[in-house]
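Work through the exercises below with the coordinates open. Each one sets a task and then solves it in steps.

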Amino acid sequence: MEQPKTLLTSLDSWQILQTHYNAIKDRHLRDLFREDPQRGERFSLQTLELYFDYSKHRITEETLRLLVRLAEDRGLAQCRDAMFAGEKINNTERRAVLHTALRAPAGSSILVDGHDVVPDVHAVLDQMQAFAIRLREGKWLGHTGKRIRNVINIGIGGSDLGPVMAFEALKSYTPRDMSFRYVSNIDGTDIAEATQGLDAAETLFIVSSKTFTTLETMTNAHSARSWILEQLGDEQAVAKHFVAVSTNLKEVAQFGIDTANVFAFWDWVGGRYSMDSAIGLSTMIAIGPDRFREMLAGFHQMDEHFRTAPLDQNLPVIMAMLNVWYANFFGANTVAVLPYEQYLHRFPAYLQQLTMESNGKRVTRDGAVVDYATGPIYWGEPGTNGQHSFYQLIHQGTHLIPCDFIAFRRPLNAIGKHHDLLIANILAQGEALAFGKTTDELRQEGVEQSLIPHKTFEGNRPSTTIFADRLTPEVLGKLIALYEHSVFTQGVIWDINPFDQWGVELGKVLANRIIGELDGSGKAVEHDSSTAALIRYYRD
């Protein structure tokens, strides 16, 4: 019996898109560019000091029009406005979704349950700024009177991926007489390597956990506490070498942290959307308060663009609808993010959580099982490294993989011809993916017949190229917000909640049961034969 169609796939706009897809699915980018010599200019946008070229996608003007119509039919504008207004659009947790409030300018007003949250946000920013300045200027001293030179952020998920990505992205703006390290994995190697070679008297830990009960974070925090006490030998040292980003003041105080050094955030901020909140304290210390606020300004500029720009001229909307086009009509399962900037080497990993924890859902907001694909897999590495790794599959493999190329006109480290060579490679890759190389071209070049099948490039592989002038804190904020709002838009189209993450809960519950069996502190629990055998093997 055929499964009944959901509301989405029953829409006229969806059905029309399906018909349109069937009509143009085999059209090649070579033909689209040949028929329209100005295609490169017409299918690109320059706004917010970004150049967004989406001309190398398998679309026509009609495709874009129909995708925008689908977004309109799904009520994108109304859902977007509800988010910005502080309505509780996270329906399964009954929460507002206001990461946009984290970068709202002072003096603006955003209400949650009748309370204006913008002053609260700026109060925490001011607290962070005062602390960061003291630390950077050497006025915050450790227990023995030494200056703090090492900052270690302890968190997991959004409390780690955002800060570590931002630090790596903006490393050129950081003081080189300080070190910044990040601990997330419960594997003891992570905390062991993070503290390796450091003087506890010069080290500060930032423990980031909203509840101050997160298993991985608190396990690492207690190990860090033991490390401090082993070297300094005084419980009073904890207050000078630990601060917290949390809402649980009782647990923080029991740990030994002075509650005056606790930085708050709110339940209307999801972890993967929190790097511009107090979770970004290590980022502010690393790049300084002024540059942190520049990053917030970049976020806000993209927020305003998403909130106000027409849908067909809206960067996050276009990015999102192209993903819907490939995931739901072409059957593409992944998206490759390929930054041609070494400082962005952690950006794809950050986007993995942002996109896949948000949209990796199989039921709609009302709990109905979907009959369409959601949440493509995001992955990637910096160029040109990836060219000598997985680009073979993108060019000549059997999978269609849309690519996001990210590049900058000016380097942060100008050395010889390095940057020209880097940019030549990104432009060449986009061109090669789109147009390929035909068998006729190979014959004309005199390629041996037996090699022609191996050297033929089908082309017609879609990509977006995003250019900015230079990687600055402001530009980083724009790029992150671009993907944030693209994720939200896809969630609206698929009618899923991109702001909960129930899928991570089951593993946590089962792990807590198994821990007692491994160390003998708990009762034996019935398991399947595989898990039971593995437990016996580990214990033996």
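The exercises go from the overall fold to a sheet, two helices and some backbone details.

The model is predicted, so local features need pLDDT of at least 70 and side-chain atom pairs count only at pLDDT 80 or more, while totals for chains, interfaces and linings use all residues. Residues are numbered from 1 along each chain as its sequence is written, and side-chain values use heavy atoms, with hydrogens and water left out.

**Exercise 1. Compare the radius of gyration of the protein with that of a compact globule.**

Step 1. The radius is taken over C-alpha atoms, and the globule rule is 2.2 Å times the number of residues to the power 0.38.
Step 2. For 540 residues the rule gives a value near 24 Å; the protein has 25 Å, which agrees.
Step 3. Along the principal axes, the C-alpha atoms fill a box of roughly 75 × 65 × 60 Å.
Step 4. Of the 540 residues, 53% are buried (under 20% relative accessible area with a 1.4 Å probe and protein chains only; exposed is over 50%, partly exposed in between).

**Exercise 2. Find the strand order of the open sheet of 5 strands, and describe the surroundings of β7.**

Step 1. Take helices (H or I, at least four residues) and strands (E, at least two) as DSSP runs, numbered from the N terminus. The protein has 23 helices and 13 strands.
Step 2. Two strands pair if DSSP finds at least two bridges between them. The order is then β6-β5-β7-β8-β9, with parallel pairing. The edge strands, each paired on one side only, are β6 (179-183) and β9 (262-263).
Step 3. β7 (residues 203-208) is joined to β5 (residues 150-154) by 5 bridges, with N153 opposite I206.
Step 4. Between β7 and β8 (residues 242-245) there are 4 bridges, and F205 stands opposite F242.
Step 5. β8 and β9 share 2 bridges; V245 has F263 as its bridge partner.
Step 6. In β7, 6 of 6 residues are buried: T203, F205 and V207 on one side, L204, I206 and S208 on the other.

**Exercise 3. Check the spans of helices α7 and α8, and list their buried residues.**

Step 1. The expected span is 1.5 Å times one less than the number of residues.
Step 2. α7 (residues 118-136) has 19 residues and reaches 26 Å, close to the expected 27 Å.
Step 3. α8 (residues 158-169) has 12 residues; the expected span is 16 Å and its end C-alpha atoms are 16 Å apart, which agrees.
Step 4. Buried residues of α7 include V118, V121, H122, V124 and L125.
Step 5. In α8, 12 of the 12 residues are buried, so this helix is largely enclosed by the rest of the structure. Among them are D160 and E168.

**Exercise 4. Locate the unusual backbone values at L48, D495 and T384.**

Step 1. Most residues other than glycine have a negative phi, and most peptide bonds are trans.
Step 2. L48, not a glycine, has a positive phi of about 55°; its place is the loop between β1 (44-47) and β2 (50-53).
Step 3. D495 has a positive phi of about 60° in the loop between α21 (473-494) and α22. D495 is partly exposed, with a relative accessible area of 23%.
Step 4. The peptide bond from G383 to T384 is cis, with omega near 10°. T384 lies in the loop between β11 (377-379) and α17 (391-396).
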